[in-house]
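Dear colleague,

Please find below the structure that I am handing over to you. I should be grateful if you would read the notes after it with the coordinates open.

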Amino acid sequence: GVSCAAFSPDGLKVLTASLDSTCKLWSTESGLCLQTLAGHAERLCFSKFSDGGEFVLSICFDSVVNIWSATSGERVVTLDDDINLALPVFAPDGLSVAMSHQDNSARLWDTKSGVCLRRFTGHEATVSAVKICKHSELLLTAAHDDTAKLWCFHSGECLRTFCGHSDWVRCAAFSSDGSLAITGSDDHTAILWSVSNAETQFVLTHAGAVKVAAFSP
């Protein structure tokens, strides 16, 4: 089966990830397969384009991440250093990628060299989500220690901790202008926060765990 599908930023390609351990790039104009990205040993659970469309990232169920050239289809780098299955995210310029690791940290990796550029340490349990703000130098993490944290993207310094959930925080996201953040938790709530001071704006309630939260554009 196909586990994931996404458009390239210019809309000219579609990326699919499959349980056959490959990704494929397709033309939206002809429907033809342009590239097959083969190199994983296990089934794929997720894939995405970088914001500029230059790179493709894929992650499989054994937590190995491959980064590919979206032009040539060649594998650029493989990352397999105790990675969690929380979805990796590219920085807006595509030159680095952030992801969760099994030591309760998030790390930033160089897209081309595979060198670890920065570690974001301070959570006391598994980091379940990582997000990078597109319009400011901020990174947001959610974790199973019932908190979310705001970090300086360039220094790795923790700027703020968002406390208010009573169970694992499963997801997090920035608003389009970076002024607000949303977190979702197993405590059946999503909380809307001010990024500038970590104050709660609204608590949104559900009858079950909140595992996905997103802002409108």
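The notes below cover the main pocket, the aromatic contacts and two backbone positions. Please bear in mind that this is a predicted model.

I begin with the largest pocket, whose volume is about 930 Å³. Its lining consists of 34 residues, and those nearest the centre are V89, V130, K131, A172 and A173. Four elements each contribute two or more residues to this lining: β5 (44-49), β9 (89-90), β13 (127-132) and β17 (169-174). Strand β13 provides the largest share, with six residues. By character, the lining comprises 21 nonpolar, seven polar and six charged residues.

I turn next to the aromatic side chains. The structure contains two aromatic pairs. In one of them, F120 and W151 meet edge-to-face, with 5.8 Å from centre to centre and 75° between the planes. This pair links distant parts of the chain, since F120 belongs to strand β12 (residues 116-120) and W151 to strand β15 (residues 147-152), 31 residues apart. F120 has a relative accessible area of 1% and is therefore buried, the limit being under 20%. W151 is likewise buried, at 1% relative accessibility.

The other pair is formed by F162 and W193, again edge-to-face, with 5.2 Å between the centres and an angle of 65° between the planes. F162 is part of strand β16 (residues 158-163) and W193 of strand β19 (residues 189-194), so this pair ties together parts that lie 31 residues apart in sequence. F162 is buried, at 1% relative accessibility, and W193 is buried with a value of 1%.

A further contact involves a charge and a ring: the charged end of R43 sits over the ring of F61, at 4.9 Å from its centre.

Finally, two loop residues merit a look at their backbone angles. S21, found in the loop between β2 (13-18) and β3 (22-27), has a phi near 75°, a positive value in a residue other than glycine. N104 lies in the loop between β10 (96-100) and β11 (106-110), and its phi, near 70°, is also positive in a residue other than glycine. Are these residues buried or partly exposed? S21 has a relative accessibility of 14% and so counts as buried, which requires a value under 20%. N104, at 21%, is partly exposed, because its value is not under 20% and not over 50%.

With kind regards

Notes: Residues are numbered from 1 along each chain as its sequence is written. This is a predicted model: local features need pLDDT of at least 70, side-chain atom pairs count only at pLDDT 80 or more; totals for chains, interfaces and linings use all residues. Side-chain values use heavy atoms; hydrogens and water are left out. On a 1 Å grid over the protein atoms alone, a cavity is a set of points where a 1.4 Å probe fits but cannot get out, and a pocket is an open set with protein on both sides within 12 Å along at least five of seven lines; lining residues have an atom within 4 Å of a point. Grid points are joined across faces, edges and corners, and a volume is the space filled by probe spheres set on the points. Ala, Val, Leu, Ile, Met, Phe, Trp, Tyr, Cys and Pro count as nonpolar, Asp, Glu, Lys and Arg as charged, and the others, Gly among them, as polar. Rings of Phe, Tyr and Trp (its six-membered ring) pair if their centres lie within 6.5 Å; planes under 30 degrees apart count as stacked, over 60 as edge-to-face and the rest as tilted. Buried means under 20% relative accessible area, exposed over 50%, partly exposed in between (1.4 Å probe, protein chains only). A charge sits over a ring if NZ of Lys or CZ of Arg is within 6 Å of the ring centre and within 35 degrees of the ring normal.
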